[in-house]
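Welcome! Let's take a walk through this protein together, stopping at a few places along the way.

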Amino acid sequence: MKLNYEAEALSLRRKGLTDEKVIKDLITFKEQNPKLLKKTLPCETYDKINLMCRKYMDRLARFEVDYDFLVDEEVFKNVAVCLLESAPFLHSQIIRNPIAPYWKIADYNVNEFVFAKEVEDLEKAKKEFFSRQIPLKSNIQFNIGLFYHQGRTYILFIWNHMCMDGGGFKAFWSDFCKAYSDYALKGISPLCFSVGSRKHTEVYKDMSPEFRKKARLKLANVSPRDKHRFPFENDNVEKDVVIVSRKVEKEYFDKAVAYTKAQGGTVNDLLVASYIDALKKVAGFSNEEGISVSCATDLRRHIKDLTTIGYTNHVSFSHCAINRMGNDLKETLSIVSEKTKELKADEFMGLHGIPLLSFAYKTMIYAQAEPIVKLFYRNPTLSVSNVGKIDTVAFSLAGNPPFSAFVAGAAKNKPCAVMTALSINGDLSVSICLRGNKKDEEILEEFFTEYEKNIKSF
């Protein structure tokens, strides 16, 4: 499809793109990918699931990556415009049509997407940024804070979880870093962003026909009923976003991981067992009580070439339900590890339930499907989501690797408490993001004090 060059170039300049060579190359790129010219896009299955989950959380995911140099603001914003033009759902409004919700492509200026400024009080700036809201009707579904402080750049991200999960973010930011680096160092136009499919069915495409057939029949995803919860004083839906986090240094985390692996466990087992043990101490649970913790499972492991898919959600949950918590952390870790091995013995782990959700959204209008799905959907009260190890090479900007990173999921409504985790340069970073009050914050601080002690106990 041939675009009116002058009109399109003028539009890109108004959006904030300042490089004429990039404007020319971007127009050619869009002509070669006509789906980028559409005015609307369908809400995919995971988009609808996350739209439904507005009942349980604020829908906004959060991430931070820190660099020991000053990012070039103009270069960054030129790359950002190319990203938005390559992934138009990021500059769209959610139209909650009762038949089928969809993304309506909206106009924008890059300054509505990237907020760059020098800050004196860095912690205050971070708190304010992570507390912001992105309404469904916003023309931009993703915000980036480019904060300069004492010769360093702190890059903060907040986005509508309908757009992508942690795995999707890692793919997006790796592409952005490559685009920025090639553009800043070599003058290559930043057009390496994914324009692949966001459909949940991409998970099945590389499976053998027999396995795919069986996977598509895994309708039920039964989550254990568990009344254990954090000792919050009430279940009120609070207005304020509370984020509590801890960092455990490499020397301690390495020893904890080494012990866990020597016992046949995984890093995720360590995170979950430490979560259970810390909660047991804070809430006063008995060693003999059973408990269930939901664990995020990235379904991208079923896709051979991740460069073929778009930025989206491909995550499910498995349920680590143990019959007792153990007398101490090491025993709990052993029990969790055995349960994990049992879960992994199921070759369809994480694939249960998705076909039923897809069927519901396909066979009913959305106004019917959402309340019916809610009847059968059980939002897990206790969860752990591990984003994993950050690839500092892939996350390098113009040869500058990040020295730190942080992740916090959507702010959950009480009593739900999801701990998110990542590791970078050997350090472990964990957090819980909650719609809560000062008392809730104190409880989470107490929890993470115990959690940190657990990791360091090795």
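Does Gly-16 count as buried or exposed? With a relative accessibility of 19%, Gly-16 counts as buried, because the cut-off for that word is under 20%. Please keep in mind that you are looking at a predicted model. To find Gly-16, look in the loop that runs between helix H1 (5-15) and helix H2 (20-32). Setting aside neighbours within four places in sequence, Gly-16 is in contact with Asn-78, Val-81, Asn-109 and Val-110. Ala-80 can help you judge the fold here: Gly-16 and Ala-80 are 64 residues apart along the chain, and yet 9.3 Å separates their C-alpha atoms.

The helices on either side of that loop bring us to the salt bridges. The structure holds 36 of them, and we can visit a few. In one, Lys-30 pairs with Glu-8, with 2.7 Å between the closest N and O atoms. This pair links distant parts of the chain, since Lys-30 sits in helix H2 and Glu-8 in helix H1, 22 residues away. Both partners are covered: Lys-30 is buried with a relative accessible area of 4%, and Glu-8 is buried with 13%.

Another salt bridge joins Glu-288 and Arg-324, whose closest N and O atoms are 2.8 Å apart. Where do these two residues lie? Glu-288 is in the loop between helix H9 (267-283) and strand S9 (291-298), while Arg-324 is in the loop between S10 and helix H10 (329-344), so the pair ties together parts that are 36 residues apart in sequence. Arg-324 counts as buried, at 17% relative accessibility.

For a salt bridge inside a single helix, turn to H10. There the side chains of Lys-339 and Glu-342 meet, with 3.2 Å from N to O. Why can they be partners along one helix? Lys-339 and Glu-342 are three residues apart in helix H10, so about one helical turn separates them. An α-helix has 3.6 residues a turn, so residues three or four places apart point the same way. The two ends of this bridge differ in their cover: Lys-339 counts as buried at 18% relative accessibility, whereas Glu-342 is exposed with a relative accessible area of 51%. Leaving out residues up to four places away in sequence, Lys-339 touches His-319, Cys-320, Ala-321 and Ile-322.

Salt bridges can also join up into a network. Here, Arg-246, Glu-249, Glu-445, Glu-452 and Lys-456 are linked in this way.

Let's look next at how helices meet. Two packed helices are described by the angle between their axes and the distance between the axes. Helix H3 (residues 45-52) packs with H11 at an angle of about 85 degrees, and their axes are 10 Å apart. H3 and H11 are therefore roughly perpendicular to each other. On the H3 side, the contact is made by Thr-45, Tyr-46, Lys-48, Ile-49 and Met-52; on the H11 side, Ile-354, Leu-357, Ser-358 and Tyr-361 make it.

H11 has other neighbours too. The buried residues of H11 are Ile-354, Pro-355, Ser-358, Ala-360 and Tyr-361. They pack against H3, helix H7 (209-215), strand S10 (315-322) and helix H12 (366-376). Phe-359 also belongs to H11, which spans residues 354-363, but Phe-359 is exposed, with a relative accessible area of 52%. Together with Leu-219 and Leu-356, Phe-359 makes a nonpolar surface patch of about 290 Å².

Our last stops concern the backbone. Most residues other than glycine have a negative phi, and most peptide bonds are trans. Which residues are joined by a cis peptide bond? Lys-414 and Pro-415 are, with omega at about 10 degrees. Pro-415 lies in the loop between strand S13 (412-413) and strand S14 (417-424).

Arg-59 is not a glycine, yet its phi is positive, at about 70 degrees. You will find Arg-59 in the loop between H3 and strand S2 (60-67), where it counts as buried at 8% relative accessibility. Ala-398 has a positive phi as well, of about 50 degrees, although it is not a glycine. Ala-398 is in the loop between strand S11 (382-389) and strand S12 (402-408), and it is partly exposed, with a relative accessible area of 21%.

Definitions and conventions. Residues numbered from 1 in each chain as written. Predicted model: local features only at pLDDT ≥ 70, side-chain atom pairs only at ≥ 80, totals over all residues. Heavy atoms only, no water. Patch = residues over 30% accessible without salt bridge, like charges linked within 9 Å, V, L, I, M, F, W, Y side chains within 5 Å. Areas by Shrake-Rupley, 256 points an atom, 1.4 Å probe, with all protein chains shown as cover. Salt bridge = Lys/Arg side-chain N within 4 Å of Asp/Glu carboxyl O. Helix = DSSP H or I, 4+ residues; strand = E, 2+ residues; numbered from the N terminus. Buried < 20%, exposed > 50% of the residue type's maximum accessible area, 1.4 Å probe, protein only. Axes fitted to C-alpha atoms, helices over the stretch in contact; angles between N-to-C directions. Parallel < 35°, antiparallel > 145°, perpendicular 65-115°, else oblique. Contact = heavy atoms within 4.5 Å.
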